[in-house]
Amino acid sequence: MTAAPLKFLPDLVEEHFEELAFLWGQRRGALASPRFFSRDLDRLEKRVEAHLAGLLIAGDELAEFIRPGLEGDDADEAFAAGFALLRSRIPGAPDKVWEAFASAAGPRADGLAEAFAHGPADALLSRLEDAVRSAPPPRSAAAAEALALRGRLRPDSRARDAWLASEEPSVRRKAWRIAALSGLSESRTLWERGLADPDPGVRTGAREAALWCRQAWALDEARGARRPPPDADPDAIYLVAATGDAADLERVLAWAKDSGTGPERFRIPGVLGHPGGVDALLRAMAGLDLAAAAFAGQAFTKITGEDVDSGRRTVVPPADGKQPDEFEAEFLDEMPLPDERKARAAWEKRHGEFQKGTRWCRGLDLSRGCPEAALDALDRESLWEARLRDTLAGAWKGRLADLEALPRVRATPGR
């Protein structure tokens, strides 16, 4: 008896493609999110693999279903299309992905570059290297990011200078991300070029890259970046809290007291993790500013590991301080409100314990660094911060790319 040929439902394959694109966007946002733990990321990645498997059922007809990703302007769909083709066994599939990348720009180029970074793209590495040297700056930078994520980028000062000279801030920001991924060892003059950029995002990227590349002076530079509102630099104070020490407590508390920096200012004491910042968080939780209370509650939990959720929620105003219109208000984020009495009771019970350390995260004492055994207990943002501190101190020999690689890629060095 002859077996019946396998069939698939086109609508279901389309759904797998849409879900794969959606989940990849979720994963990108989860990599350094305080709302995700490594176990959550693992579940997300398993869902990515499940929808990829469903998409690949299309076999030789796959190209028809993923065409929108290869021709459109959506980064997540571009990734889903490129990743699926690279993971398929269709003859010539890598060439199809490359053809799409060779004429791409903007989000499509970025999405396809992610597919090269995380998919089986060994056959295309030489083409990516050529693109770094010869493609227009946006595509050259995308190719370089893919190679940097794979640990295969060769230094090219001419390409880097072209990225930094680009009129597009997105390209200049990517140049500093590539520097962070590559672990560049350059003169301070190069880093200061980024810190003087007119775009705030570029300045932040340059400062982060300098820290990932063990430029200790960049922490002192960030400490001096404090300016009065509305020109205050929240990214600089965040990096101070993430990589500084107990001597930065006064600076962090001054930031938290300054209402001109918005309700998110109460996030910063949680990043520093010093027990001396908890009283300010408790006062904010008891205050009338609900958004400030919400951020303070999250910071308290980040330090202590205590769940103080009240079961109530509040809308978080836009970070730019502008009053949203009726349409925009429908899409504002919501945050859980803390139970201040529960938080105060937990603090009174454990106050003495926390005085024994100067940096706490999720109830763990990280004053002397982050032991490997503690990593699974940290949310992804805290894990990222711990790795950055250990990198700056020379205690972690891994790479930023290790925090972003898919498990399959993590297990195969050089791929």
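# A walk through the salt bridges, cysteines and turns

D379 is buried, with a relative accessible area of 0%. Buried here means a relative accessible area under 20%, so D379 falls at the far end of that class, at 0%. The model is a predicted one. With that in mind, D379 makes a good place to start.

D379 has a charged partner. Its side chain forms a salt bridge with R362, and the closest N and O atoms are 3.0 Å apart. D379 sits in the loop between β4 (364-365) and α21 (380-392), while R362 sits in the loop between β3 (360-361) and β4, so the bridge ties together parts that are 17 residues apart in sequence. The two ends differ in cover. D379 is buried at 0%, whereas R362 is partly exposed at 21% relative accessibility. R362 also stands out for its backbone. Its phi is near 55°, a positive value in a residue other than glycine.

A second arginine shows that backbone feature. Phi of R214 is near 65°, again positive in a residue other than glycine. R214 is found in the loop between α12 and α13 (217-223). It counts as partly exposed, at 40% relative accessibility. Just before R214 in the numbering comes C213. C213 counts as buried, because its relative accessibility is 8% and the limit for buried is under 20%.

Now return to the salt bridges. How many does the structure hold? There are 36 salt bridges. The link between D379 and R362 is one of them. Two others also join separate parts of the chain.

Take R127 and D95. Their side chains meet in a salt bridge, 2.8 Å from N to O. R127 belongs to helix α7 (residues 125-134) and D95 to helix α5 (residues 93-102), so this pair ties together parts that are 32 residues apart in sequence. R127 is partly exposed, at 31% relative accessibility. D95 is partly exposed too, at 33%.

Next come D199 and R173. They form a salt bridge whose closest N and O atoms are 3.1 Å apart. This pair links distant parts of the chain, 26 residues apart: D199 is in the loop between α11 (188-195) and α12 (200-212), and R173 is in helix α10 (residues 169-182). Is each partner buried or partly exposed? D199 counts as buried, because its relative accessibility is 17%. R173 counts as partly exposed, at 35%.

Salt bridges can also join into networks. Here D110, E145, K174, R177 and E404 are linked in a network of salt bridges.

Some charges gather in another way. Which residues form a negative surface patch? They are D11, E14, E15 and E18. Of these, E15 has its place in helix α1 (residues 10-30). E15 is partly exposed, with a relative accessible area of 43%.

Helix α1 also holds R27. Unlike E15, which is partly exposed at 43%, R27 is buried, with a relative accessible area of 1%. R27 can be set against a residue far along the chain. R27 and Q298 are 271 residues apart in sequence and 21 Å apart in space, C-alpha to C-alpha.

V252 offers another such pair. V252 lies in helix α15 (residues 249-257). It is buried, with a relative accessible area of 1%. V252 and L20 are 232 residues apart in sequence, and their C-alpha atoms are 40 Å apart in space.

Last come the cysteines. How many disulfides does the structure hold? It holds zero. C370 shows why a bond is missing at one site. The closest cysteine sulfur to that of C370 is in C361, 7.8 Å away, which is too far for a bond. A disulfide needs the two sulfur atoms within 2.5 Å. C370 itself counts as buried, because its relative accessibility is 11%.

Methods:
Residues numbered from 1 in each chain as written. Predicted model: local features only at pLDDT ≥ 70, side-chain atom pairs only at ≥ 80, totals over all residues. Heavy atoms only, no water. Buried < 20%, exposed > 50% of the residue type's maximum accessible area, 1.4 Å probe, protein only. Patch = residues over 30% accessible without salt bridge, like charges linked within 9 Å, V, L, I, M, F, W, Y side chains within 5 Å. Areas by Shrake-Rupley, 256 points an atom, 1.4 Å probe, with all protein chains shown as cover. Salt bridge = Lys/Arg side-chain N within 4 Å of Asp/Glu carboxyl O. Lys, Arg positive; Asp, Glu negative; His and termini not counted. Charge placed at Lys NZ, Arg CZ, Asp CG, Glu CD. Helix = DSSP H or I, 4+ residues; strand = E, 2+ residues; numbered from the N terminus.
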